[in-house]
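Reader: I would like to learn how to read the places in a protein model where ligands sit. Could you take me through them slowly, one feature at a time?

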Amino acid sequence: MNIAFVSSEAFPFAKVGGLGDITGALPKALDKLGHKVKVFIPKYSLINFNNHKLEYVAEVGEMPIRVNGKSYVTRLFKSYLPGSFVDIYFVDCPHFFHRKDHTGNDVIYTNHQDEDERYVLFSKAVIEAIQRMKWLPDIINCNDWQTGLLPLLLRDNYSWDRFLDPVATAFSIHNIGYQGRFPKSLMLKAEIRAELFYPNSPIEIMGTVCFMKAGLMYSDVINTVSPTYAAEIMTSDYGEGLEGVLSYRVNDFYGILNGIDTEVWNPETDKMIPVNYNINSLEGKYENKKHLLNSMNLPHYKNTPVIGMISRMVGQKGFDIFAESVYDLMRLPVQWVILGSGEDRYENLFRSLQQMFPDRIATWFGKNEQLAHLIEAGSDMFLMPSLYEPCGLNQMYSLIYGTVPIVRKTGGLADTVKDWDEYSYRGDFSGNGFSFYDYSAFALFKSVERAVNAFYNHDVWIQIVKNGMISDFSWENSAQTYLKMYESAINKRRG
Ligand code: ADP
Ligand code: GLC
């Protein structure tokens, strides 16, 4: 099968969160199963031509792409996903993809006036590149709102090209909280037929044009990244206004759990951590703990558990209930290592906690890939109290690094973490973490407390750690399910 995988992020070239990890890994798994995959992402200014050995694709040449009445010269560059033969193509248009934030750092996403235009250009350029490459994909897999207009443009604006008729489309939701809703003026900017905008039309929601809704309505099949999240977003509590659309498409809607890239995340081979270890050499993990505490300027106490967090500091990730329970949490005999950045109110919370408890909590603000690996390897526990979590990757990294996750039972967290107490009470000792259901400060505190108590029972703790480490989250199974979904899309399209 020929598969075009279209995304706004790809590790290690450009990553904000989990979408980058998925785009860097799933295509490799599909390739290993014998399929030809080509990945497409924008050529952001933070992607360095030399470091990543980008080559100009002369065969495609200069593509004039029209957005908001103007034509922009767009080029294609090519490289490989590291450790594979999977082609990755970069859509280069400096006007749209060379962007900085207010501090002068190169960024991927912006809140600029033309955020919609940036991804209209990207979607059109991917379609036109495919036309020029004379490589016909059987399926185009779009991801998240940035690529939501592509299936519509393909079927409408480019329907004159009969060559594209048999090309099926899939749309994957990684986060329904970001839908790409823009004013009606987007219709003209993107050259979408005016007749398609009316109340509750396939692209309209609450008077706006919604990229994600278009993706969900115009694709042959749709999916999200865990079975529990798939069920959750069909309800009004989690669907963010798109629950009706998902119910309408329920027969074509799949929940497929993400995998992880075990070439990047594996404590036995991880090059970013000081000491490699496995289930039979857990001493190595304790060496990493010392390195972690040392690098964060925290004292090392024997027998004090360390809890790690690595997260975008936004409401989705449960920082509200963390803030509410923080003084109770700080009464527990625990050290905290936090990595992330985001909203000021949360960053400020961690700044003041650091001042109040300098030997108990340390935070690194910003992105730090290496520290992320060290936190996974060196922490005893990992906290993810998410309000919602489509899949979540860090709890899976934690499990295989022997770092016991404490999570809210939602989305992919519910699908991967089995509560130790809940299961052992039933006589099943396969629990691999701690979880709570109510989105409340009290429930969060209680499960951290339960985990800390378990930590002091050495035998129980080692059992929980090992239950996590034997998990298999490799991509192969999920990649097979993606292929089944692609096949059903292709059958639908070709009748
Ligand atoms: P989301 O995509 O919602 O942010 P995921 O759990 O799916 O959540 O993926 C987050 C990814 O981003 C993980 O690979 C995590 O390690 C990484 N990450 C998040 N914040 C940082 C940071 N500050 N530095 C390095 N990596 C980070
Ligand atoms: C989103 C979700 C996260 C998921 C990731 C990759 O960013 O917030 O839960 O793991 O996409 O699918």
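Author: Let us begin with ligand 1, and keep in mind that this is a predicted model. The shell around ligand 1 holds 19 residues, and the closest of them are Gly18, Asp21, Arg312, Lys317 and Gly366.

Reader: Which polar atoms lie 2.8 Å or 2.9 Å from an oxygen atom of ligand 1?

Author: A polar contact is a pair of N or O atoms within 3.5 Å, so we look for pairs under that cut-off. Lys317 brings a polar side-chain atom to 2.8 Å from an oxygen atom of ligand 1, while Leu393 uses a polar backbone atom, at 2.9 Å from a ligand oxygen. Asn394 adds a polar side-chain atom, which lies 3.4 Å from an oxygen atom of ligand 1. As for how much of the ligand is covered, ligand 1 on its own has 560 Å² of accessible area, and the protein covers 92% of it.

Reader: Which helices and strands each supply at least two residues of the shell around ligand 1?

Author: They are helix H1 (18–32), strand E14 (306–313), strand E15 (335–342) and helix H13 (394–400), and E14 gives the most, with 3 residues. Sorted by class, this shell has 9 polar, 6 charged and 4 nonpolar residues.

Reader: Where does ligand 1 lie with respect to domain 1 and domain 2?

Author: Ligand 1 lies between them, because domain 1 (2–259 + 475–494) and domain 2 (283–469) both give residues to its shell.

Reader: How should I read ligand 2, and which residues come nearest to it?

Author: We can follow the path we took before. Of the 14 residues around ligand 2, the nearest are His174, Asn258, Glu389, Cys391 and Gly392. A side-chain N or O atom of Glu389 is 2.5 Å from an oxygen atom of ligand 2, one in the side chain of His174 is 2.7 Å from a ligand oxygen, and a backbone N or O atom of Cys391 lies 3.0 Å from an oxygen atom of ligand 2. The protein covers 93% of the 310 Å² of accessible area that ligand 2 has on its own.

Reader: Which element gives the largest share of the shell around ligand 2, and how do its residues divide by class?

Author: H1 gives the largest share, 3 residues, and the shell divides into 6 nonpolar, 6 polar and 2 charged residues. Domain 1 and domain 2 each contribute at least three residues to the shell around ligand 2.

How values were computed. Residues numbered from 1 in each chain as written. Chains lettered and ligands numbered in written order. Predicted model: local features only at pLDDT ≥ 70, side-chain atom pairs only at ≥ 80, totals over all residues. Heavy atoms only, no water. Near = heavy atom within 4 Å. Polar contact = N/O pair within 3.5 Å; in protein donor to acceptor, adjacent residues only side chain to side chain. Areas by Shrake-Rupley, 256 points an atom, 1.4 Å probe, with all protein chains shown as cover. Helix = DSSP H or I, 4+ residues; strand = E, 2+ residues; numbered from the N terminus. Nonpolar A, V, L, I, M, F, W, Y, C, P; charged D, E, K, R; others polar. Domains from an automatic or database assignment.
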